[in-house]
Structures are given as C-alpha cells and as structure tokens.
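Me: I'd like a close look at one residue in this model, and then at whatever its contacts lead to. Keep it casual, but give me the numbers.
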Amino acid sequence: MTDLNVDIINFKINLDNYGSLVPIESYEDVPFDIKRIYYIYDVEKGVRRGFHAHKKLEQVLICVRGSVKILTKNLSEEKIFELNDPTKGLYIGPITWREMYDFSDDAVLLVLASEYYNVNDYIRNYDNFIKEIKGC
Ligand code: T46
C-alpha cells in the first residue's frame, strides 16, 4: 500500500484446457465485503470519466476485457495505472481522486465496491477534495 491508498491486487487464476477462471471472494481476494458490483463499457474515444473521490467507499477496479488508464492522486502524489489484465485489480481506498480514460473500444471495466450506492459519499469538487484531505 502506498500513501496514495491504492494497490494492485493479483488474483489467483484457474487455467486449464477449458479456459481461465478467476474467483474473487470478500476478505480473501479483496480487503472488504463486496456489497455492489457495476461495470463500465462502450466508452467512446476521448471520453474521461470519474473526476471525484469517495469519503468512505473502497473499490477494486478490474479491466476484464481491453484496456483503460486510471489516474489516482491525493495532495502529494499522483499515480497512473494501465489496467489490461483480468487477473489484476486496482484497489482504490477512500479520499483518493480518480479519473478513467483511454478506454479501448472493447474495454469492460468491472468494479467491486464495499458499499451500496450513496450519492452523498462522492466528493466531486476538487477544491472540496483538497479541503477534506487537509481536514478543514
Ligand atoms: C467510481 C468510478 C470508478 C448508479 O445509479 N449506481 C451506481 O452504483 C453507480 C456507480 C452509478 N450510478 C449512476 C450515477 C450516474 O447517473 O450511473 C451514472 C454514472 O455514474 P458516474 O458518473 O458516477 O460514473 P463514473 O464512471 O464517473 O464513476 C464510477 C463510480 O460512480 C465511482 O464510484 O469510483 O466509476
């Protein structure tokens, strides 16, 4: 884990003559109870999504098909990840700004979330995000 509160998780893969299978269990493979899943696909070229942080929510992002770049940042650090492997997940903890971009045409971004959808958990204004980090 970095100060940025992000980390790459390597999932176990079951590979046999019939194909590949990646199982994901709460607390075993991701560090929280999975309460919600959603997926993002058919994102047109040039589109950038996200532009927010979460107060409490923890998530793991998995690009199960294609590729996508994820920018993560806080006050002092910025890190960009390219997700293009269904056996790797990007954990993003609370109070971390994220933007998703450069989706390939075939990209399917699967997200595992620690909480049910709550619009009040979003910090969509960058100045408010900085204030939240500084605790003011
Ligand atoms: C995040 C990144 C990685 C729902 O109704 N339920 C849901 O569970 C979600 C996630 C979204 N929505 C609705 C809210 C909006 O009307 O779907 C629409 C698109 O959501 P949003 O603009 O927040 O999508 P992104 O791609 O900017 O962000 C999403 C997640 O919202 C966010 O938590 O971390 O993916």
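What relative accessible area does Ile24 have?

Reply: Keep in mind that this is a predicted model. Ile24 has a relative accessible area of 27%. Buried would need under 20% and exposed would need over 50%, so Ile24 lands in between and counts as partly exposed.

As for where that is, Ile24 is part of the loop that runs between β3 (19-21) and β4. If you leave out the neighbours within four places in sequence, Ile24 has contacts with Phe11, Asp29, Val30, Ile34, Ile62 and Leu112. For a sense of distance across the fold, take Thr72: it is 48 residues away from Ile24 along the chain, and the two C-alpha atoms are separated by 23 Å.

Two of those partners, Phe11 and Ile62, lead on to Lys88, which also has Phe11 and Ile62 among its contacts. The other residues that Lys88 reaches, again skipping anything within four places in sequence, are Ile8, Ile9, Asn10 and Leu61. Asn10 deserves a second look, since its side chain makes a polar contact of 2.6 Å with the side chain of Lys88. Lys88 sits in strand β9 (residues 88-92), and its 32% relative accessibility makes it partly exposed. Its C-alpha is 9.5 Å from that of Val60, with their positions 28 residues apart in sequence.

Carry on past β9 and you get to the loop between β9 and β10, which is where Pro94 lies. Pro94 is partly exposed, at 24% relative accessible area. Beyond four places in sequence, Pro94 touches Asn5 as well as His54, Lys55, Lys56, Leu57 and Glu58. Gly50 is further off: it is 44 residues from Pro94 along the chain, and their C-alpha atoms are 14 Å apart. That loop between β9 and β10 also holds Ile95. Ile95 has a positive phi, about 55°, despite not being a glycine. With a relative accessible area of 24%, Ile95 counts as partly exposed.

Another non-glycine with a positive phi is Phe51, at about 60°. Phe51 belongs to strand β5 and is partly exposed, with a relative accessible area of 34%.

That strand brings us to the pocket. The largest pocket has a volume of about 250 Å³. It is lined by 16 residues, and Tyr38, Ile40, His52, Met100 and Tyr122 are the closest to its centre. Two or more lining residues come from each of β4 (36-41), β5 (49-54), β6 (59-65), β10 (97-101) and β11 (108-113). The biggest share of the lining is from β5, which supplies four residues. Sorted by class, eight of the lining residues are nonpolar, four are polar and four are charged.

Now for the ligand. There are 13 residues around it, and the ones that come nearest are Arg36, Arg49, His54, Gln59 and Tyr122. Two of these names have come up already: His54 is touched by Pro94, and Tyr122 is one of the residues closest to the centre of the largest pocket. For polar pairs, start with Arg36, where a side-chain N or O atom is 2.5 Å from an oxygen atom of the ligand. Arg124 also uses its side chain, with a polar atom 2.9 Å from a ligand oxygen. Gly50 takes part through its backbone instead: a polar atom there is 3.0 Å from an oxygen of the ligand.

Last stop is the helix. Helix α1 covers residues 126-134, and at its start a side-chain oxygen of Asn125 comes to within 2.9 Å of the backbone nitrogen of Asp127. Further along, Lys134 has its place in α1. Lys134 is exposed, because its relative accessible area of 56% is over the 50% cut-off. Leu75 is 59 residues from Lys134 along the chain, yet the C-alpha atoms of the two are separated by 8.7 Å. After α1 comes Gly135, with a positive phi near 70°.

Back to your starting point: Ile24 is partly exposed, and its contacts with Phe11 and Ile62 are what took us to Lys88 and the rest of the tour.

Methods. Residues numbered from 1 in each chain as written. Predicted model: local features only at pLDDT ≥ 70, side-chain atom pairs only at ≥ 80, totals over all residues. Heavy atoms only, no water. 1 Å grid on protein atoms, 1.4 Å probe; cavity = no way out; pocket = protein on both sides within 12 Å on 5 of 7 lines; lining within 4 Å. Points joined across faces, edges and corners; volume = space filled by probe spheres on them. Nonpolar A, V, L, I, M, F, W, Y, C, P; charged D, E, K, R; others polar. Buried < 20%, exposed > 50% of the residue type's maximum accessible area, 1.4 Å probe, protein only. Contact = heavy atoms within 4.5 Å. Polar contact = N/O pair within 3.5 Å; in protein donor to acceptor, adjacent residues only side chain to side chain. Near = heavy atom within 4 Å.
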